[in-house]
Amino acid sequence: MDSAASVHEASAFARRAPTPKDVSQLIRESSSAVSTVAGDGCLLVLDGRVLDRECLAKALISRGIEKEVLAVGSIDEWKKEKDVHPPIQAILFNIGGRRADDESMATEMDRLMSEMGSVPIVVLSDNDDLPQVLKMLEYGARGFIPSSVGVAVCIEALSLAMAGGIFVPASTIQAMSHLVPEPPSADRRPLSGMFTPRQEAVVEALRRGKANKIIAYELNLRESTVKVHIRNIMKKLKATNRTEVAYKLNDIFADGRQRH
């Protein structure tokens, strides 16, 4: 009797235990049910690694992305399922640790662009160095997300791409800052870098024709110190006397005004 009961229970468990195929189907159905939140389109997560794409899709859904999320391993796989899903509004292409200059990357991006038309493609990558970002944007990506950011940033980047913008990480902007020329300063002094601050004050007084005693009084210096400053100024200007100093200084200031 006990043996018969055990066989019956084992049989019932076998009927209840889901197969791997059933588990996959349950995940897909659960994802669709949870992720269809007030959104009309579908987000395509493209990643050849099954675990990575399923975890990424679940993370996006749990943070309330207002799209159905379809995670596939390739464009061919998407083609098999596209008829039962809403139109694709954005693609999150997870390239992981792959390099943008890999030979296959340009080919994959070309195919994505041709198959998807104007659908924005946002790249998720483990590598966010400047050449990597610029190369993927050159291929046609409408955004680049480093895997170091959180899911909330990922969702905002996708929203920006769907709105017509382009998202790049802050590290990329910082890396490109040296490429932007510094605008000329309107108040840049013609003597900047030529003299010390104290010598510049003496220069201004010399241009106004002030005597050494007056300069010493106004700058709270000894007259002997003023004379030392004047000698150093003459050496830097290669002048032999105060008159030549004043003449050369006036030329320098005139050139500075013409540049502005």
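1. Helices here are DSSP runs of H or I with at least four residues, numbered from the N terminus. One such run is helix 10, which spans residues 212-219 and holds Asn 212. The model is predicted.

2. Start with the whole protein. It has twelve helices and five strands. Of its 260 residues, 35% count as buried. The accessible surface comes to about 15700 Å². Carbon and sulfur atoms contribute 55% of that surface.

3. Next, the contacts along the chain. Take those with a separation of 6 or more: 64% of them join residues 24 or more positions apart.

4. The five strands form an open sheet. Their order is 2-1-3-4-5, and the pairing is parallel. Which strands stand at the edges? They are strand 2 (68-72) and strand 5 (143-146). Each has a single partner strand, so one side of each is left without a neighbour in the sheet. Neighbouring strands are turned by 20° against each other on average, direction ignored.

5. Look at one pair in detail. Strand 3 covers residues 88-96, and strand 4 covers residues 121-125. They pair in the parallel sense over five bridges. Leu 92 has Val 122 of strand 4 as its bridge partner.

6. Helices pack on this sheet. Helix 3 (residues 50-62) touches strand 1 (42-46), strand 2, strand 3 and strand 4. Its direction makes about 170° with that of strand 2. Helix 6 (residues 130-139) also packs on the sheet, touching strand 3, strand 4 and strand 5. The direction of helix 6 makes about 150° with that of strand 5.

7. Now back to Asn 212. Is this residue buried or exposed? Its relative accessibility is 15%. Buried means under 20%, so Asn 212 counts as buried. Neighbours within four places in sequence aside, Asn 212 is in contact with Glu 223, Val 226, Lys 227, Ile 230 and Arg 242.

8. Lys 79 is the other residue to check. Lys 79 lies in helix 4, residues 75-81. With a relative accessible area of 33%, Lys 79 is partly exposed. That class lies between the cut-offs of 20% and 50%. Which residues does Lys 79 touch, not counting those up to four places away in sequence? They are Arg 111 and Glu 115. Lys 79 and Glu 115 are 36 residues apart along the chain. Their C-alpha atoms are separated by 9.8 Å.

Note on methods: Residues numbered from 1 in each chain as written. Predicted model: local features only at pLDDT ≥ 70, side-chain atom pairs only at ≥ 80, totals over all residues. Heavy atoms only, no water. Helix = DSSP H or I, 4+ residues; strand = E, 2+ residues; numbered from the N terminus. Buried < 20%, exposed > 50% of the residue type's maximum accessible area, 1.4 Å probe, protein only. Contact = heavy atoms within 4.5 Å. Pairing = 2+ DSSP bridges. Axes fitted to C-alpha atoms, helices over the stretch in contact; angles between N-to-C directions. Areas by Shrake-Rupley, 256 points an atom, 1.4 Å probe, with all protein chains shown as cover.
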